[in-house]
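Morning, everyone. Here is the model for today. Take a look, and then I'll walk through it.

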Amino acid sequence: MPLRSMSIALPSILVLLAACGPQQPQSSAPPAASEPAPPAVPAPPAVPQPPAVPQPPVATVTPAAPGATAAPPPTAAATTAAHAAGEKVFRTYCLTCHGAKGEGDGPAAVALNPKPANFATGAFKYDTNGNGIKGDVEDIKVIVHDGAAKHGGSPLMTPWPMLSAEQLQAVAQYVKAFHAG
Ligand code: HEC
């Protein structure tokens, strides 16, 4: 029955046109009535946008603070900025356990066993890179990133993998500076 096959063929042609054709005139707009119709409502793009490549999740990296350029030459200003960045991370994530001065006496530390290290006296336990020096900036970075449990320590010191490389560096230097300063 010809009518029937038309009714099947037509939609598939339309689909084809829509899928690969450039802008086809919209057939859906009814012919305007006698009076000049207002310019037909701008047709939505005829071709449905193919979802191209599956988008990878954007912005997994925390955008750097405005003005904080990545890895500037070590000037005094950059050092200060890194210190401020480290302080911000520390106050946000670490202070509750490690205490404002890094003495391991934050409000949550009472309940902890083992206690957090006293950074102020340089009483570090971990030498993750095995260079014979406990608690250098690299060791601190590894412990903060991995958590202590991975290095034979307490799971109370959880991993902080969400910190950016810059934040990790900054907070490690901040932790280190409790002792040096
Ligand atoms: C829930 C409490 C808690 C929080 C929050 C916490 N820590 Fe810890 N941290 C600990 C404990 C407890 C230890 C001791 C682990 C051990 O001895 O095995 C520790 C150990 C460490 C060490 C190892 C020191 C050493 O002995 O060599 C570093 C470095 C450290 N923390 C840095 C941080 C930083 C930086 C943050 C924030 C990003 C942070 N911690 C957040 C509880 C915490």
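Start with the shell around the ligand. α2 (76–98), α3 (137–146) and α4 (165–180) each supply at least two of its residues. By helix I mean a DSSP run of H or I of at least four residues, while strands are runs of E of at least two, and both are numbered from the N terminus. The largest share of the shell, five residues, is from α2.

A word on provenance. This is a predicted model, so local features need pLDDT of at least 70 and side-chain atom pairs count only at pLDDT 80 or more, while totals for chains, interfaces and linings use all residues. Numbering runs from 1 along each chain as its sequence is written.

Which residues come nearest to the ligand? Cys94, Cys97, Lys125, Gly153 and Met157, out of the 25 around the ligand. Near here means that the C-beta atom, placed from the backbone, lies within 6 Å of the molecule; the same cut-off serves for a strand. By class, the shell has 19 nonpolar residues, five polar and one charged. Nonpolar covers Ala, Val, Leu, Ile, Met, Phe, Trp, Tyr, Cys and Pro; charged covers Asp, Glu, Lys and Arg; the others, Gly among them, are polar.

Now the overall fold. The protein has four helices and zero strands. Along the sequence the pattern reads α-α-α-α. Of its 181 residues, 16% count as buried. The cut-offs: buried is 20 or more other C-beta atoms within 10 Å of the residue's own, exposed is 12 or fewer, partly exposed is in between, with C-beta atoms placed from the backbone. Take contacts between residues at least 6 apart in sequence: 41% of them join residues at least 24 apart. A contact means two C-beta atoms, placed from the backbone, within 7 Å.

Next, helix packing. How do α2 and α4 cross? Their axes come within 7 Å, at roughly 90°. Axes are lines fitted to C-alpha atoms, for helices over the stretch in contact, and angles run from 0 to 180 degrees between N-to-C directions. α2 and α4 are therefore roughly perpendicular. The terms: under 35 degrees is roughly parallel, over 145 roughly antiparallel, 65 to 115 roughly perpendicular, and the rest oblique. On the α2 side we have Ala82, His83, Ala85, Gly86, Glu87, Val89 and Phe90. They meet Glu166, Gln167, Ala170, Val171, Gln173 and Tyr174 in α4. The residues of that contact split into seven nonpolar, four polar and two charged.

α4 also packs on α3. Here the axes are 9 Å apart and the angle is about 120°. That angle is why α3 and α4 count as oblique to each other. Their crossing is right-handed: the near helix is turned clockwise from the far one by less than a right angle, where anticlockwise would be left-handed. Val137, Ile140, Lys141, Val144 and His145 in α3 meet a set in α4 that includes Leu168, Val171, Ala172 and Val175. The residues of this contact are seven nonpolar, three polar and two charged.

Stay on α3. Its buried residues are Asp139, Ile140, Lys141, Ile143 and Val144. α4 is part of what covers them. Val137 is also in α3, but counts as partly exposed because it has 14 C-beta neighbours inside 10 Å. Leaving out residues up to four places away, Val137 touches Ala172, Gln173 and Lys176. Val137 and Ala172 are 35 residues apart along the chain, yet their C-alpha atoms are separated by 5.6 Å. After α3 comes Gly147, with a positive phi near 85°.

Last stop, the loop between α2 and α3. Gly99 lies there. Is Gly99 buried or exposed? Buried, because 20 other C-beta atoms lie within 10 Å. Beyond its neighbours within four places, Gly99 contacts Gly104, Asp105, Gly106 and Ala109. Thr121 sits in that loop too. Thr121 is exposed, because there are 12 other C-beta atoms within 10 Å. From Thr121 to Gly102 is 19 residues in sequence and 9.0 Å in space, C-alpha to C-alpha. Pro114 is another resident of the loop. The peptide bond from Asn113 to Pro114 is cis, omega near 5°. For context, most peptide bonds are trans, and most residues other than glycine have a negative phi.

Over to you for questions.
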